[in-house]
Amino acid sequence: MNTSFHFKLTQSAMLASAILFLTAPAAQADRLADNLAAMEAQSPINITTNNTTFDKNLSPLLFTLNSDTQLKVINNGSPGVDKTAARANLVDPGAGSVTVGGDTYRLSQFHFHTPAEHLENGYKFPMEMHLVFADAQNNLLVVGRWIEEGSFNKALAPIFSNLPHSVTDTLTVDHFNLNALIPDNLNSFRYDGSLTTPPFSEGVKWVDLAQPMEMSKEQISAFSSLFPNGDAREVQALNGRPIFTDVPGFATVVPEPETYAMLLAGLCLIGFVARRRLVNPGFVGSIA
Ligand SMILES: [Zn+2]
């Protein structure tokens with residue numbers, strides 16, 4: 001990463017912001033644009049084999065989720081900025097949490113985007129789910145999961161067969177099993193990013209689960225027909241941020257553990273041969 005380049009970019013952005021601030025009315029949209037110009041750790045991003053680093057020791061994700069909870073599903077419409085409409089499914093307080101690296105985050109809501117916001121090697125899934133968690137200090141952690149077309153999703157059927165069509169509708173879903181949202185395989189991609197809707201605040205920890213969730217074609221179109229222009233933000237520049245993954249064989253940047261093992265074995269062999277050369281003459285001499 002070229003830091004001086006980024007420094008210059010930031011300076012330019014700040015200068016541009018200052019000019020805008022002096023000349024334009026202090027409208028909210030303008031301020032948002034100004035802030036955005038100075039921010040460099042935005043979400044979503046394109047996750048690729050070339051920008052990820054393998055780490056088999058990522059902190060485990062310990063989910064505690066209610067298997068029988070009530071949801072209030074709302075349609076929060078379209079704010080009209082960068083196609084960032086979103087549908088939020090509000091969850092009862094205490095219905096779920098995730099503990100990562102000793103910090104516990106409580107589930108506040110989950111919602112869906114169409115098409116997917118994060119890309120995987122440039123591929124755009126038809127949908128993406130975001131589970132938004134917050135810790136006691138209100139630091140955000142978002143667990144993202146891609147949705148692919150496949151089998152009818154029975155667990156999500158109560159939501160997707162009765163989606164609220166207007167911002168004034170609220171759908172109540174009883175006996176919802178939150179565990180149905182999480183796969184058995186918790187391999188993931190992790191990086192530091194931002195909200196993907198205004199105000200695009202940074203400092204958000206992202207955990208993108210690698211195993212997609214299946215929904216039927218009908219379920220996906222029930223959602224996407226409500227947002228004909230989509231409700232997904234475009235991918236943002238990575239700007240040198242690291243992305244870590246424990247998905248075996250995904251990352252190509254860093255040597256796989258097998259390579260380390262081979263390297264280590266090679267070094268041991270060299271050491272063994274060197275010791276033999278030192279030891280053998282004396283040993284032979286003592287026999288004689
Ligand atoms: Zn989202």
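Two strands count as paired if DSSP finds at least two bridges between them. Keep that in mind while working through this predicted model.

**Exercise 1. Work out which way S9 and S10 run relative to each other, parallel or antiparallel, and how many bridges join them.**

Step 1: S9 and S10 run antiparallel, with 8 bridges between them. That clears the cut-off of at least two bridges.

Step 2: For a concrete spot in this pairing, look at Phe133, which sits opposite Leu141 in S10.

Step 3: Now go to the hairpin of S9 and S10. There are 5 residues between the strands, and Asn138 has a positive phi near 65°.

**Exercise 2. Find what S7 does with S9, and decide whether S9 is enclosed or not.**

Step 1: S7 pairs with S9 in the antiparallel sense, over 7 bridges. Here Phe112 stands opposite Met129 in S9.

Step 2: Count burial along S9. A residue is buried if 20 or more other C-beta atoms lie within 10 Å of its own. In S9, 7 of the 8 residues pass, so the strand is largely enclosed by the rest of the structure.

Step 3: Set that beside the protein chain, where buried residues make up 26% of the 288 residues.

**Exercise 3. Name the residues that touch the most other members of the largest nonpolar core, and the element that gives the most to this core.**

Step 1: The core has 41 residues, and Leu131 and Phe133 touch the most other members.

Step 2: Elements that each supply at least two core residues include strand S7 (103–113), strand S9 (127–134), strand S10 (140–149), strand S13 (202–215) and helix H4 (217–224). S13 gives the most, with 6 residues.

Step 3: Zoom in on Leu131. Skipping neighbours within four places in sequence, Leu131 is in contact with Leu107, Phe110, Val142, Val143 and Leu181.

Step 4: As background, nonpolar side chains tend to be buried together in soluble globular proteins.

**Exercise 4. Sort the residues of H4 into buried and exposed, and explain why the buried ones lie on the same side.**

Step 1: Gln219, Ile220 and Phe223 are the buried ones. They share a side of H4 because they cover an arc of only 100° around the axis.

Step 2: The general rule is handy: an α-helix has 3.6 residues a turn, so residues three or four places apart point the same way.

Step 3: Lys217 and Glu218 are exposed, on the face of H4 turned away from its buried side.

Step 4: Finally, ask what covers the buried residues of H4: the cover includes S7, S9, S10, helix H3 (157–160) and S13.

Conventions. Residues numbered from 1 in each chain as written. Predicted model: local features only at pLDDT ≥ 70, side-chain atom pairs only at ≥ 80, totals over all residues. Core = buried A, V, L, I, M, F, W, Y, C linked by C-beta atoms within 7 Å. Buried ≥ 20, exposed ≤ 12 C-beta atoms within 10 Å, placed from the backbone. Helix = DSSP H or I, 4+ residues; strand = E, 2+ residues; numbered from the N terminus. Contact = placed C-beta atoms within 7 Å. Arc of directions from axis to C-beta.
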